[in-house]
Amino acid sequence: SDVYKRQCQAPVKDFRQVTDSGGHKSMRYVIETTIQLGQDSFPIEVTLADRSNMLFRMLVGRTAMKGRYLVDSSRSYCTSQISE
């Protein structure tokens, strides 16, 4: 798979404790950025973590999707890829 790297800067919004899916707690920096899913674009908070060894470089959490989407866990990749 192709990996694209882009250096970015954003002001730190917070530094808070986060619990991962395995129950491990860690302190992470939080930034605010805009995400685009399909045709929708909206601001979200993102906690920063090194995911370079993981299959998915970013996870979109339930807080970001709350009130916008209903998740169907039986489906994947439901929006077409948007080119830059």
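**Exercise 1.** In this predicted model, determine which side chain of opposite charge is nearest to Arg51, and decide whether Arg51 is buried or exposed.

*Solution.* Arg51 is buried, and the nearest side chain of opposite charge is that of Asp20, 8.1 Å away. A salt bridge requires a side-chain nitrogen of Lys or Arg within 4 Å of a carboxyl oxygen of Asp or Glu, and Arg51 has no salt bridge. To place the residue, note that Arg51 lies in the loop between β3 and α1, the latter spanning residues 62–65. Once its neighbours within four places in sequence are set aside, Arg51 is in contact with Phe56, Arg57, Met58 and Leu59.

**Exercise 2.** Locate Arg28, and find with which side chain the side chain of Arg28 makes a polar contact.

*Solution.* Begin with the position: Arg28 belongs to strand β2, which covers residues 25–37. Next consider charge: Arg28 is buried yet lacks a salt bridge, with Asp20 as the nearest side chain of opposite charge at 5.0 Å. Then turn to polar partners, where the side chain of Arg28 makes a polar contact with the side chain of Thr47 at 3.4 Å. Finally, leaving aside neighbours within four places in sequence, the residues in contact with Arg28 include Asp14, Phe15, Val18 and Leu48.

**Exercise 3.** Work out in which order the strands of the open sheet are arranged, and which of them are edge strands.

*Solution.* The open sheet is formed by 3 strands in the order β1-β2-β3, with antiparallel pairing. The edge strands, each pairing on one side only, are β1 (14–19) and β3 (40–47). Neighbouring strands of this sheet are turned by 45° against each other on average, direction ignored. Between β2 and β3 the antiparallel pairing extends over 8 bridges, and Leu37 stands opposite Asp40 in β3.

Methods:
Residues numbered from 1 in each chain as written. Predicted model: local features only at pLDDT ≥ 70, side-chain atom pairs only at ≥ 80, totals over all residues. Heavy atoms only, no water. Helix = DSSP H or I, 4+ residues; strand = E, 2+ residues; numbered from the N terminus. Buried < 20%, exposed > 50% of the residue type's maximum accessible area, 1.4 Å probe, protein only. Lys, Arg positive; Asp, Glu negative; His and termini not counted. Polar contact = N/O pair within 3.5 Å; in protein donor to acceptor, adjacent residues only side chain to side chain. Contact = heavy atoms within 4.5 Å. Pairing = 2+ DSSP bridges. Axes fitted to C-alpha atoms, helices over the stretch in contact; angles between N-to-C directions.
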